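Trainee: Could we go through this structure together, beginning with a pair of helices?
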Amino acid sequence: AVQASPYERGPAPTEAGVTASRGPFAISQVTVPEGSGTGFKNGTIYYPTSTAEGTFGAVAVIPGFVSPQAVIQWLGPRLASQGFVVFTLDTFSGQDFPQDRAKQLLAALDYLTTSSSVKNRIDPNRLAVMGHSMGGGASLWASANRPSLKAAVPLAPWEVDTTWEKADKVPTLIIGGQSDAIAPVDSMSIPFFTGIAASEKAYLELRNGDHFVPAAEGPVVAKYAISWLKRFVDLDTRYDQFLCPAPAPNTNISQYRDTCPHS
Ligand code: 9J3
Ligand code: ZN
């Protein structure tokens, strides 16, 4: 039998469990006001209350153009209750471009692991990034700039400068909307999926989804984001069942591209 990952957290996953609005961990939260750290503005940390299973991986999440934390904040409790420390962020300015947002993501992770009130609950070697639109572009830049990240999940990523692509080797799940007119998948998500140098990558396209559907709370985005983070932040192969073989097109998914099997 394959040796289980020492980073597995929580019970064996089920379809009902990864699509549920909350996972198996009771959670707590702490508000992080502006001025608490440097390089990011403010946010909210969601984390499993119990330390009985040891430390957890951590994820920073940033929103898109002129969007507040509220757009991506649902991922805080949703992912934390599955066994991650999650830091949802506001940006300094609604107009910050992706490279600036990438710096904010990485500064937020540094704060989480070195000076936050939950630093002792986090494994500083198992970190990930997420974001919507310009925040998705930021997730790609952050991955290129910090190759030690274990996973990235850009949601409807938007960026026009793709000089990061060859440096991005972080396992990445890109979630796009089939009908996105702001970050069209044919000019953004799909070329990003094709262009990044990561050997572990996937592209999930939400059928008929507009620009905001990949960032909206729902079971499909949650299922695949949770599975990707579990697989690459926790090395938890119990979640392979949801990723490989790749899902066939269905009423929610217009296409899915992958690099299965994941090693
Ligand atoms: O939601 C987004 O971040 C959209 C990106 C965009 O429209 O940029 C235009 C400059
Ligand atoms: Zn696999």
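**Helix contact and ligand shell**

Mentor: Pro 98, Gln 99, Arg 101, Ala 102, Leu 105 and Leu 106 of helix 3 meet Met 134, Gly 135, Gly 137, Ala 138, Ser 139, Trp 141, Ala 142 and Asn 145 of helix 4. Contact requires C-beta atoms, placed from the backbone, within 7 Å, and helices are DSSP runs of H or I with at least four residues, numbered from the N terminus. This is a predicted model: local features need pLDDT of at least 70, side-chain atom pairs count only at pLDDT 80 or more, and totals for chains, interfaces and linings use all residues. Residues are numbered from 1 along each chain as its sequence is written, while chains are lettered from A and ligands numbered from 1 in the order in which they are written.

Trainee: How do the residues of that contact divide?

Mentor: Eight are nonpolar, five polar and one charged. Ala, Val, Leu, Ile, Met, Phe, Trp, Tyr, Cys and Pro count as nonpolar, Asp, Glu, Lys and Arg as charged, and the others, Gly among them, as polar.

Trainee: Which residues are around ligand 1?

Mentor: Gly 64, Phe 65, Ser 133, Met 134, Trp 158 and Ile 182 surround ligand 1, each with its C-beta atom, placed from the backbone, within 6 Å of it. Met 134 also belongs to the helix 4 side of the contact with helix 3. The shell around ligand 1 has four nonpolar, two polar and no charged residues.

Trainee: What does the C-alpha trace of the chain span along its principal axes?

Mentor: The trace spans about 50 × 45 × 30 Å.

Note on methods:
Two residues are in contact if their C-beta atoms, placed from the backbone, lie within 7 Å. Helices (H or I, at least four residues) and strands (E, at least two) are DSSP runs, numbered from the N terminus.
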